[in-house]
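Good morning, colleagues. Please look at the sequence and the structure on the screen, and I shall then take you through several of its parts.

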Amino acid sequence: MDAEFWDAMYRSREQVFSGNPNGVLVAEVTGLSPGQALDVGCGEGADARWLAEHGWHVTAVDISRTALERAARLDTTGRVAWSRADLSRTPLPAGAFDLVSAQYFPLPGSTLRGLLAAVAPGGTLLVVSHDLAAPAAGHHQPADVARLLGDEWKVLVDETRPRTTPPPPGTHHTHDTVLRAQRLR
């Protein structure tokens with residue numbers, strides 16, 4: 001699933017997603033002190049805009065130029081930097097983000113290592129995915145990520161829970177897996 005795939009998917013409809021932030025993001029981030037956030041695979045930007053509206057300075061990254069252009073048109077906050085990148089090839093700045101949020105984003109090993117390194121000491125990693133019986137080879141689920149975290153991390157949430165919103169059209173995902181961890185040092 002490269003940039004052409006995602007651009008074609010976003011061009012196929014005027015709006016692909018609801019335009020609302022992910023419920024798990026809202027539930028898990030509410031109450032955190034705003035700082036620098038990284039929204040991984042931001043798509044049409046609902047999560048990035050919600051974070052910005054709640055005081056965060058956001059770097060929103062996606063591989064799809066079409067999605068980013070759409071997201072930027074809807075942004076009235078001035079607090080989001082929209083960035084096109086393939087995170088499997090583009091290194092992230094180490095320790096730069098108080099929040100790294102990966103919502104329903106495939107996490108191959110090389111990308112995962114970069115995301116972990118990008119979380120600042122005291123910062124939060126939030127990884128959410130559909131509860132899948134058999135994830136794609138080489139793609140980590142939140143529970144897999146929790147097992148990879150060393151003693152410099154404190155796992156705050158590692159669970160499967162019912163979705164708070166209906167599943168995406170054409171899917172039958174009724175539960176999400178959620179990992180929220182804090183980098184201690």
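**An enclosed helix, two cores and a buried aspartate**

Helix α3, residues 46-53, is largely enclosed by the rest of the structure, because seven of its eight residues are buried. I should say at once that this is a predicted model. The buried residues of α3 are Ala-46, Asp-47, Ala-48, Arg-49, Trp-50, Leu-51 and Ala-52. What, then, covers the buried residues of α3? The cover includes two helices, α2 (23-29) and α4 (65-74), together with β1, β2 (57-62), β3 (80-84) and β4. Just after α3 comes Gly-55, with a positive phi of about 95°.

Helix α4 also appears in a second packing arrangement, this time with helix α1, residues 3-11. The axes of α1 and α4 are 7 Å apart, and the two helices pack at an angle of about 45°. Angles that fall outside the parallel, antiparallel and perpendicular ranges count as oblique, and α1 and α4 are therefore oblique to each other. On the α1 side, the contact is made by Asp-7, Tyr-10 and Arg-11; on the α4 side, by Arg-65, Thr-66, Ala-67 and Arg-70. Sorted by class, this contact has four charged, two nonpolar and one polar residue.

I turn now to the nonpolar interior. In soluble globular proteins, nonpolar side chains tend to be buried together. Here the largest nonpolar core has 22 residues, and those touching the most other members are Val-100, Leu-115 and Leu-125. At least two residues of this core come from each of β1 (36-40), β4 (97-103), α5 (109-118), β5 (119-130), α6 (142-148) and β7 (175-183). Helix α5 gives the most, with four residues. Leaving aside neighbours within four places in sequence, Val-100 is in contact with Leu-38, Val-40, Leu-115, Ala-118, Val-119, Thr-124, Leu-125 and Leu-126. Another core, of 19 residues, lies apart from this one and includes Val-58, Ala-60, Val-80 and Val-157.

My last item is Asp-176, in strand β7. Is Asp-176 buried or exposed? The cut-off for buried is under 20% relative accessible area, so Asp-176, at 3% relative accessibility, counts as buried. The side chains of Asp-176 and Tyr-104 are joined by a polar contact of 2.8 Å. Not counting residues up to four places away in sequence, Asp-176 touches Val-24, Tyr-104, Val-128, Ser-129, His-130, Asp-131, Glu-159, Thr-160, Arg-161 and Arg-163.

Thank you for your attention.

Key. Residues are numbered from 1 along each chain as its sequence is written. This is a predicted model: local features need pLDDT of at least 70, side-chain atom pairs count only at pLDDT 80 or more; totals for chains, interfaces and linings use all residues. Side-chain values use heavy atoms; hydrogens and water are left out. A nonpolar core is a set of buried Ala, Val, Leu, Ile, Met, Phe, Trp, Tyr and Cys residues joined through side-chain atoms within 4.5 Å. Buried means under 20% relative accessible area, exposed over 50%, partly exposed in between (1.4 Å probe, protein chains only). Contact means heavy atoms within 4.5 Å. A polar contact is a pair of N or O atoms within 3.5 Å; within protein, one must be able to donate a hydrogen and the other to accept it, and residues adjacent in sequence count only if both atoms are side-chain atoms. Axes are lines fitted to C-alpha atoms, for helices over the stretch in contact, and angles run from 0 to 180 degrees between N-to-C directions. Angles under 35 degrees count as roughly parallel, over 145 as roughly antiparallel, 65 to 115 as roughly perpendicular and the rest as oblique. Ala, Val, Leu, Ile, Met, Phe, Trp, Tyr, Cys and Pro count as nonpolar, Asp, Glu, Lys and Arg as charged, and the others, Gly among them, as polar.
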